[in-house]
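The exercises below concern charged side chains and the setting in which they pair. Please work through each task with the model open before reading its solution.

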Amino acid sequence: MSFNKSRGGGGIGAGGDELVLRGSISKKWTFLLCLGSFCIGLLFTNRMWTMPEPKEIIRRSTLEVEKMNLVAGDCAPKSIGNAKDVPGEVPRTQDVIQTLDKTISNLEMELASAKATQESMLSVAPASESTGKRKYFMVIGINTAFSSRKRRDSLRATWMPQGEKRRKMEEEKGIIIRFVIGHSATSGGILDRAIDAEDRKHGDFMRLDHVEGYLELAAKTKAYFVAAVSMWDAEYYIKVDDDVHVNIATLGNTLARHRSKPRVYVGCMKSGPVLAQKGVRYHEPEYWKFGEWGNKYFRHATGQLYAISKDLASYIALNQHVLHKYANEDVSLGAWFIGLDVEHVDDRRLCCGTPPDCEWKAQAGNVCVASFDWSCSGICKSADRIKEVHQRCGESENAIWNAKF
């Protein structure tokens, strides 16, 4: 029994020593492993998180300072320089502004012309008057009314070519001539049917989407230029009244001299009084816009005949909805151009008097473009007298065929 107790006790003592040894070994290895892991961790951390170099710190600091200076500079009041230099800078600044204004005006006009040309190409015109096939030199629109049949016939018998001659003039000379008229207040009525019958006989009308009326001449003039630009691609567009005598070849030669000018407005320029009194002829309801009582209008071409270049006609077409109409159509046209970079050409041959005035000038070699009586704003009793004016003041019959535009 004692032996067994002894072995049992000795076994327990040996086992205890072995456990103590193993525990001590485990602590040593644990310490070594922890130390190794710590070293590896330091190595890994140094490679992943490198400290910025002093140069980079300096560079960043410099950039931050510059940013702060910029902010401070924007917030600080700006210096305007030496006060003595300001008067000298004003003329130069004004010149620069004028140059910029002129450049902008030119660009706007070119844009208007391009847009109007594009719209005219896309619009649907009558087959006999297609715009896509050729360019023309000038379009002459003769303003007429329902009651002016005798006047129209007198023009057909004098200076306005008819039939084959008119078609030849269009093809060879690039000149279009049409009577311009809208429709009556009752569209399709007896007045409109009479014009339709006359057009079927002569084929020389240009019909507008416009209600005829004397007080609507400004609107009719605008509608004419809009329609003409869409129907014919021409260098010039002319408006003339049906009681005026015109020498077509002389008109063409006159306009051909202005081809180098992009925006030209040709006519007999005038500046009449603004009539504020009601009931008088040419009364201007908006007289107050032109300054004090008794002021005159700005320069504009008299309404019997005037011509404008393609760019100006395109400008009217593009801006038709915002162009203001005054009581008188010639004033309205002048108002549309007064703020543009336009050359006004005052040519007195476009407003000669009837014989003997135009006859003397023709004999002197200075053939008139147009002739009429100022007292009647046209040829007085033109249906009866225009034949005489044509005989005494008209150019030769072959003038148009010999002309080179």
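**Exercise 1: a pair within one helix**

Arg 167 and Glu 164 both belong to helix α5 (residues 163-173), where they stand 3 residues apart, about one turn of the helix; helices (H or I, at least four residues) and strands (E, at least two) are DSSP runs, numbered from the N terminus. The model is a predicted one, in which local features need pLDDT of at least 70 and side-chain atom pairs count only at pLDDT 80 or more, while totals for chains, interfaces and linings use all residues. Residues are numbered from 1 along each chain as its sequence is written, and side-chain values use heavy atoms, with hydrogens and water left out.

Task: determine how the side chains of Arg 167 and Glu 164 meet, and classify each residue by its relative accessible area.

Solution. Begin with the general principle that side chains of opposite charge can pair when their charged atoms come close. Next, apply the criterion for a salt bridge, namely a side-chain nitrogen of Lys or Arg within 4 Å of a carboxyl oxygen of Asp or Glu. Arg 167 and Glu 164 form such a bridge, with an N to O distance of 3.5 Å. Finally, use the classes of exposure (buried under 20% relative accessible area, exposed over 50%, partly exposed in between, with a 1.4 Å probe and protein chains only). Arg 167, at 44%, is partly exposed, whereas Glu 164, at 54%, is exposed.

**Exercise 2: two further pairs**

Task: for Lys 239 and Asp 241, establish whether the residues are buried or exposed, and then describe where Lys 361 and Asp 357 lie.

Solution. The closest N and O atoms of the salt bridge between Lys 239 and Asp 241 are 2.7 Å apart, and both of these residues are buried. Turning to helix α11 (residues 357-363), one finds Lys 361 and Asp 357 placed 4 residues apart, about one turn of the helix. Salt bridges that share partners also join Arg 149, Arg 152, Asp 153, Arg 156, Glu 198 and Asp 204 into one network. The side chains of Lys 361 and Asp 357 meet in a salt bridge of 3.5 Å, N to O; Lys 361 is partly exposed at 27%, and Asp 357 is partly exposed at 27%.

**Exercise 3: the whole chain**

Task: state how many salt bridges the structure holds, and what share of the residues of the protein chain is buried.

Solution. The structure holds 29 salt bridges. Of the 405 residues of the protein chain, 40% count as buried, and this chain contains 13 helices and 9 strands.
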